[in-house]
Amino acid sequence: MTDHRGRPRGLSTAALLAPAVAAAFGGSVAWAADHPPAAVATPKPAVRAETGDDTAKKIQDRQRAVERIRKEIASLQFDVDQGKGAPSRPVRSRTDGTSAATPRGSAKPKPAPDARAKTAAPPIHATTGAS
Amino acid sequence: MTTHVTPELTVVFTAMACQVTLRVIDAGPEARQALVAARRAFERVEAACTRFDPGSALMRANADGEAWHQVPEECYLAVAGAARAHLETDGLFDPRVLDTLVALGYDRTLPFRSGLVRVTGTGSPARTVRDPWLPGLDPRMRSVQLGADRVDLGGIGKGLAVRLAARALAGAGRGHLIEAGGDCHVRGDGPDRDGWWIGVEDPSGGPEPVAVLRVLDGGCATSSLRIRSWHVNGRPVHHLIDPRTGDSAEGGLRSVTVLDDDPVRAEVWSKALLIAGRSRIAPLATDRGLAALWVDDDGRIDKSAEMASSVVWEANDAH
């Protein structure tokens with residue numbers, strides 16, 4: 001289900017957006033320089049005491065983000081090791097328009113059966129899930 | 001004399017509200033005809049068993065459940081299969097959920113893939129009676145008598161279509177893959193001769209599978225809450241109805257995947273185990289010798305002993 005094709009597209013989009021964001025930011029700065037702030041009291045931002053639960057959740061979220069990125073890197077490394085920047089066959093779109101299964105190429109590593117994930121998911125032929 | 005072999009033939013079409021892929025590897029001379037027959041199997045099951053066409057064989061039989069109705073073979077097989085499944089699962093699988101689905105606002109095809117669906121309905125359970133379902137079945141006349149409660153054959157219909165399509169493709173080549181939403185069937189040792197590798201979708205919608213299964217011959221089905229969930233009168237519900245409550249199952253599971261030689265049985269048990277819930281799934285799968293893998297509401301992934309040998313990769317947890 002890793003959308004290998006999605007990554008380059010995502011990077012390209014980021015690259016295209018970067019100048020526009022920079023220009024917009026620059027414009028804002030220029031506008032702000034010409035417009036001194038109005039003499040109104042800025043309300044003090046509400047501060048909420050962070051509970052232990054909040055902190056634990058943040059850590060958990062970040063751990064999951066790290067895990068996701070780690071998997072993505074492993075998947076990219078797999079492609080690089082295979083000498084390809086993208087899957088050898090076209091990736092089919094699923095009916096819900098989300099990313100599709102990664103087709104299996106002819107060469108692939110053999111993960112140990114029933115091993116908990118230390119690496120990204122191997123290429124697959126089909127997906128079973130909600131329909 | 002040489003036998004002509006085509007490396008691979010693939011057909012993709014839409015049926016039963018999902019995209020269907022039929023793939024034959026090292027296709028023989030009869031493969032094209034077999035693919036046509038397999039596709040026809042889906043079309044015939046859909047036409048006979050849809051609940052969204054009042055003129056379908058199922059809905060005509062539902063309209064007067066106390067009368068006998070001669071029906072197409074596909075409808076007869078689906079009703080007979082549902083009756084068998086109802087007994088085998090001790091009632092966890094119960095197709096008498098149509099009126100509940102309608103009460104929950106699922107009385108038409110809903111645009112589940114376009115975002116959160118909000119509908120209105122009575123929102124209340126339509127049926128909680130616990131009497132066993134014993135439909136009338138007359139194989140000689142190919143007739144059925146469904147009984148007082150209207151029946152939905154959606155899930156088991158798709159399993160049946162996969163089973164019939166698999167039969168049609170049996171001699172078409174060195175192997176085949178049928179992929180129809182949550183239901184799959186494979187035959188042979190796969191394109192790379194090390195099996196067919198099937199990813200189990202993350203029911204939370206994450207991009208990575210929660211597991212990858214290696215399957216040689218047989219069916220695979222997943223019941224999941226990921227897509228067919230909606231809000232009725234502001235209340236979140238989904239399409240997997242627990243016959244014990246007459247409402248959406250709330251057993252603490254997000255998805256269940258089952259492997260079985262027969263795709264109908266895989267479909268039936270994936271649904272029944274999800275309805276059984278987190279507290280019962282492990283002992284029930286063990287007791288019935290089922291190869292099952294499930295994801296609970298906390299994202300934890302677990303599996304039965306029968307499934308372990310088919311898992312070639314597994315995520316740490318679902319997100």
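Helix H5 (154-168) of chain B comes out at its expected length in this predicted model. Its 15 residues, taken at 1.5 Å each, should span 21 Å, and the end C-alpha atoms are indeed 21 Å apart. H5(B) is also mostly covered: 14 of its 15 residues are buried.

Helix H1 (residues 31-49) of chain B passes the length check as well. At 1.5 Å a residue, its 19 residues should span 27 Å. The end C-alpha atoms lie 27 Å apart, in agreement.

| Helix | Residues in helix | Expected span | End C-alpha separation |
|---|---|---|---|
| H1(B) | 19 residues | 27 Å | 27 Å |
| H5(B) | 15 residues | 21 Å | 21 Å |

**Around H1(B)**

Which residues of H1(B) are buried? They are B:Ala31, B:Ala34, B:Leu35, B:Ala38, B:Ala41, B:Phe42, B:Val45, B:Glu46, B:Ala48 and B:Cys49. A general point helps in reading that list. An α-helix has 3.6 residues a turn, so residues three or four places apart point the same way. The cover over the buried residues of H1(B) includes strands S1 (6-15) and S2 (18-27) of chain B. Helices H2 (57-63), H3 and H5 (154-168) of chain B are also among the covering elements.

One of these neighbours is H3 (residues 73-88) of chain B. H1(B) and H3(B) pack at an angle of about 70°, and their axes are 8 Å apart. Angles from 65 to 115 degrees count as roughly perpendicular, so H1(B) is roughly perpendicular to H3(B). H1(B) brings B:Arg44, B:Val45, B:Ala48 and B:Cys49 to the contact. H3(B) brings B:Glu74, B:Cys75 and B:Ala78. By class, this contact has five nonpolar residues, two charged residues and no polar ones. B:Val45, B:Ala48 and B:Cys49 appear both in the contact and in the buried list.

**A sheet across two chains**

Strands of a sheet pair through backbone hydrogen bonds, either parallel or antiparallel. Here, four strands form an open sheet with mixed pairing, in the order S1(A)-S9(B)-S10(B)-S19(B). Strand S1 (126-128) of chain A and strand S19 (311-314) of chain B stand at the edges. Each has a single partner strand, so one side of each is left without a neighbour in the sheet. From one strand to the next, the twist averages 25°.

Strand S10 (residues 211-215) of chain B runs antiparallel to S19(B), and three bridges join them. B:Val212 stands opposite B:Trp313 of S19(B).

**A sheet within chain B**

Another open sheet has three strands, in the order S4-S12-S13 of chain B, again with mixed pairing. Its edge strands are S4 (118-119) and S13 (235-238) of chain B, each pairing on one side only. S4(B) pairs with strand S12 (residues 229-232) of chain B in the parallel sense, over two bridges. B:Val119 has B:Val232 of S12(B) as its bridge partner.

**An exposed loop residue**

B:Arg140 sits in the loop between strand S5 (136-138) and strand S6 (143-145) of chain B. Is B:Arg140 buried or exposed? It has 5 C-beta neighbours inside 10 Å, so B:Arg140 counts as exposed. B:Arg140 and B:Val215 are 75 residues apart along the chain, and their C-alpha atoms are separated by 37 Å.

**Chain A**

Chain A has two helices and one strand. Along the sequence they follow the pattern α-α-β. Of its 131 residues, 20% are buried. Among chain A contacts between residues at least 6 apart in sequence, 51% join residues at least 24 apart.

Technical notes: Residues numbered from 1 in each chain as written. Chains lettered and ligands numbered in written order. Predicted model: local features only at pLDDT ≥ 70, side-chain atom pairs only at ≥ 80, totals over all residues. Axes fitted to C-alpha atoms, helices over the stretch in contact; angles between N-to-C directions. Parallel < 35°, antiparallel > 145°, perpendicular 65-115°, else oblique. Contact = placed C-beta atoms within 7 Å. Nonpolar A, V, L, I, M, F, W, Y, C, P; charged D, E, K, R; others polar. Buried ≥ 20, exposed ≤ 12 C-beta atoms within 10 Å, placed from the backbone. Pairing = 2+ DSSP bridges. Expected span 1.5 Å × (residues − 1).
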